[in-house]
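Q: Please take a close look at one part of this structure. I am new to it, so set the part in the context of the whole chain.

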Amino acid sequence: MKFQNREPQPAAMQMAPMIDIVFLLLIFFIVTWQFSRDEMDLKIAVPTSEEGADPQRVLGEIVLNVRADGSVSVWGETKTKAALAETLIAIAAQHKNQPVRVRGDSATPFQEIVEVIDICQKSGIWNISFATQRPTEGG
């Protein structure tokens, strides 16, 4: 009986599957980052607050951007208040306790913000939060 003397060989690392996974993760994070950036209207300068809430977004949260002139945009589209109400009613019928974040410009009259809150409440959405930013160190 002849025994073969084989030394254990180190396990070879497969590079192709690892590179595939890294590229898939990279694509996933770039795509999700881009979707979250599209919801933020850059024309809006939200008010500052020392004790603002945690800026982390809730999964499935709808961002309503209220500009200084009172117009409202959601998902990158400017909507009339009637169209916004129709959209929110359809969403509230599908998802109970739907979170909504109101990003109002610091120059927006408070009456416009109150009207958006009224539209949300009439549509059946009560989970409403407001976006703020921390003041800059120099200002």
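A: The accessible surface of the chain comes to about 10,400 Å² in this predicted model, and 60% of that surface belongs to carbon and sulfur atoms. Of the 139 residues in the chain, 30% are buried. Among the contacts with a separation of 6 or more, 73% are between residues 24 or more positions apart.

The chain has 3 helices and 5 strands, which follow one another along the sequence in the pattern α-β-β-β-α-β-α-β. The part chosen here is helix α3, residues 110–122.

Start with the length of the helix. With 13 residues at 1.5 Å a residue, α3 should span 18 Å, and this agrees with the model because its end C-alpha atoms are 18 Å apart.

Next, which residues of α3 are buried? They are E112, I113, V116, I117, I119 and C120. These residues lie on the same side of α3, because they cover an arc of only 155° around the axis. The spacing behind such a pattern is general: an α-helix has 3.6 residues a turn, so residues three or four places apart point the same way. On the other side of α3, F110 and K122 are exposed. Just after the helix, G124 takes a positive phi of about 95°.

What do the buried residues of α3 pack against? Their partners are the strands β1 (62–66), β2 (72–74), β4 (99–104) and β5 (127–130), together with the helix α2 (81–94).

The four strands just named belong to an open sheet of 5 strands, in the order β3-β2-β1-β4-β5, with mixed pairing. The edges of this sheet are β3 (77–79) and β5; each has a single partner strand, so one side of each is left without a neighbour in the sheet. On average, neighbouring strands of the sheet are turned by 30° against each other, direction ignored.

Within the sheet, β1 and β2 run antiparallel and are joined by 3 bridges. L64 stands opposite V74 in β2. The helix α2 also packs on the sheet, where it touches β1, β2 and β3. The direction of α2 makes about 105° with that of β3.

To return to α3: its buried residues pack against α2 as well as β1 and β2, and α2 itself touches those two strands.

Definitions and conventions. Residues are numbered from 1 along each chain as its sequence is written. This is a predicted model: local features need pLDDT of at least 70, side-chain atom pairs count only at pLDDT 80 or more; totals for chains, interfaces and linings use all residues. Side-chain values use heavy atoms; hydrogens and water are left out. The expected span of a helix is 1.5 Å times one less than its number of residues. Buried means under 20% relative accessible area, exposed over 50%, partly exposed in between (1.4 Å probe, protein chains only). The arc is that of the directions from the helix axis to the C-beta atoms. Contact means heavy atoms within 4.5 Å. Two strands pair if DSSP finds at least two bridges between them. Axes are lines fitted to C-alpha atoms, for helices over the stretch in contact, and angles run from 0 to 180 degrees between N-to-C directions. Accessible areas come from the Shrake-Rupley method with a 1.4 Å probe; for residues, only the protein chains shown count as cover.
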